[in-house]
Amino acid sequence: MASAGDATYFGFQEIPLRDKQRRVDEVFHSVAGRYDVMNDLMSGGLHRAWKDVLVTAVDPPRNGRPFSLLDLAGGTGDIAFRVVAEGGAGTRATVIDINADMLAVGRARALERGLDDAIAFAECNAEALPLPDRSFDAATIAFGIRNVPRIEQALAEAYRVLRISGHFLCLEFSAVDVPGLDALYDFYSFNLIPALGQAVTGDGGAYRYLVESIRRFPRPDIFADMMRAAGFARVSHRLMSGGIVALYSGWRL
Ligand SMILES: C[S@@+](CC[C@H](N)C(=O)[O-])C[C@H]1O[C@@H](n2cnc3c(N)ncnc32)[C@H](O)[C@@H]1O
């Protein structure tokens, strides 16, 4: 096993840090084609409501004023599509993701909807963005940060590419804290989701990883401190659906 300094977790499994990205990539290569339908099935459509709350917080201008969004670990482009639909004619989005298969689904959706001018897709690592300093008005990451091996580096990069007064928003699964609901949620997560994943994508293991990775993700107060350490100001978070999901907000001032 790797020394403590370079070990991490892939779900509940302790692995060398250098192996995590490859293991995460295998998960999303395997599920990319069925990723969107699984989101609806797993969450009973609730992920749409959580994403709507994030988009409302992004608050793109409705007039034609230029507004640029960077959606990190944006996968099939869900957040970018919603922000562009909500904003005016000057709203543009760049989706970055490390996984070409997830991006291919997003690009096809953009073409289908005639949004390929408004939304750009680029394959790159959120830990090392090939993008200039201070170039975006907002940066988002939805259900992505827990998959990134070096979270601190991704937060530092998000901060670097934001303009002054730029807004960072992160949507991530959290810890259910409602007596009764927690046991039900555990049963659903560890038993039904992997079985559903197996039936729909043929890869139950991928969904076991996704469930386990939620449990390993830092508690809201700890993650909020990580955002502050990256430089973000006025950091806050709100829990939704009994703590199933948290929306984090921070500003580059
Ligand atoms: C659960 S999906 C979320 C996709 C999308 N944001 C959504 O809400 O539907 C997680 C995404 O994180 C991406 N990812 C994992 N590690 C990454 C990294 N280091 N840099 C960029 N993207 C990464 C995966 O490829 C995957 O598309």
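A polar contact is taken here as a pair of N or O atoms within 3.5 Å, where, within protein, one atom must be able to donate a hydrogen and the other to accept it. By this criterion, in the predicted model, the side chain of D203 reaches the backbone nitrogen of A206 at 2.9 Å. A polar atom of the D203 side chain also lies 3.2 Å from the backbone nitrogen of G205. D203 itself is placed in the loop between α7 (181-201) and α8 (204-216). The residue is buried and yet takes part in no salt bridge; R208, the nearest side chain of opposite charge, is 7.2 Å away. When neighbours within four places in sequence are left aside, the contacts of D203 are with S30, G197 and Q198.

Helices α7 and α8, which flank the loop of D203, also figure in the surroundings of helix α2. In α2 (residues 35-43), the buried residues are Y35, M38, N39, M42 and S43. Viewed down the axis of α2, these buried residues fall within an arc of 105°, and they therefore line one face of the helix. The elements that cover the buried residues of α2 include α1 (17-31), α3 (46-58), α5 (100-112), α7 and α8. Just after α2, G44 adopts a positive phi of about 60°.

The ligand is surrounded by 20 residues, of which Q21, D97, N125, A126 and A142 are the closest. Several polar approaches to the ligand were identified. Y35, one of the buried residues of α2, has a side-chain N or O atom 3.0 Å from an oxygen atom of the ligand. For K51, a side-chain N or O atom is 3.2 Å from an oxygen atom of the ligand. The backbone is represented by I98, a polar backbone atom of which is 3.3 Å from a nitrogen atom of the ligand.

K51 is also engaged in charge pairing within the protein. The salt-bridge count for the model comes to 16. Among these, K51 pairs with D78, with the closest N and O atoms 2.7 Å apart. Because K51 lies in helix α3 and D78 in helix α4 (residues 78-86), this pair ties together parts that are 27 residues apart in sequence. With a relative accessibility of 3%, K51 counts as buried, and D78, at 9% relative accessibility, counts as buried as well. The two residues belong to a network of salt bridges that links D36, K51, D52, D78, R82 and R109.

A further salt bridge involving helix α4 is formed by the side chains of R62 and E86, with an N to O distance of 3.1 Å. R62 is located in the loop between α3 and β3 (67-72) and E86 in helix α4, so that the pair ties together parts 24 residues apart in sequence. R62 counts as partly exposed at 49% relative accessibility, and E86 is likewise partly exposed, with a relative accessible area of 33%.

Two loops are joined by the salt bridge between R150 and E127, in which the closest N and O atoms are 3.1 Å apart. R150 lies in the loop between β6 (136-142) and α6 (151-161), whereas E127 lies in the loop between β5 (119-123) and β6; the pair therefore ties together parts that are 23 residues apart in sequence. R150 is partly exposed, with a relative accessible area of 29%, whereas E127, at 8% relative accessibility, counts as buried.

The surroundings of R163 were examined in addition. R163 lies in strand β7 (residues 162-173) and, at 34% relative accessibility, counts as partly exposed. A polar contact of 3.0 Å joins its side chain to that of D137. With residues up to four places away in sequence not counted, R163 touches S68, R134, S135, F136, D137 and R252. The C-alpha atom of R163 is separated by 8.6 Å from that of L253, although the two residues are 90 residues apart along the chain.

How values were computed:
Residues are numbered from 1 along each chain as its sequence is written. This is a predicted model: local features need pLDDT of at least 70, side-chain atom pairs count only at pLDDT 80 or more; totals for chains, interfaces and linings use all residues. Side-chain values use heavy atoms; hydrogens and water are left out. Helices (H or I, at least four residues) and strands (E, at least two) are DSSP runs, numbered from the N terminus. Buried means under 20% relative accessible area, exposed over 50%, partly exposed in between (1.4 Å probe, protein chains only). Lys and Arg count as positive and Asp and Glu as negative; His and the chain ends are not counted. A salt bridge is a side-chain nitrogen of Lys or Arg within 4 Å of a carboxyl oxygen of Asp or Glu. Contact means heavy atoms within 4.5 Å. The arc is that of the directions from the helix axis to the C-beta atoms. A residue is near a molecule or strand if one of its heavy atoms lies within 4 Å of it.
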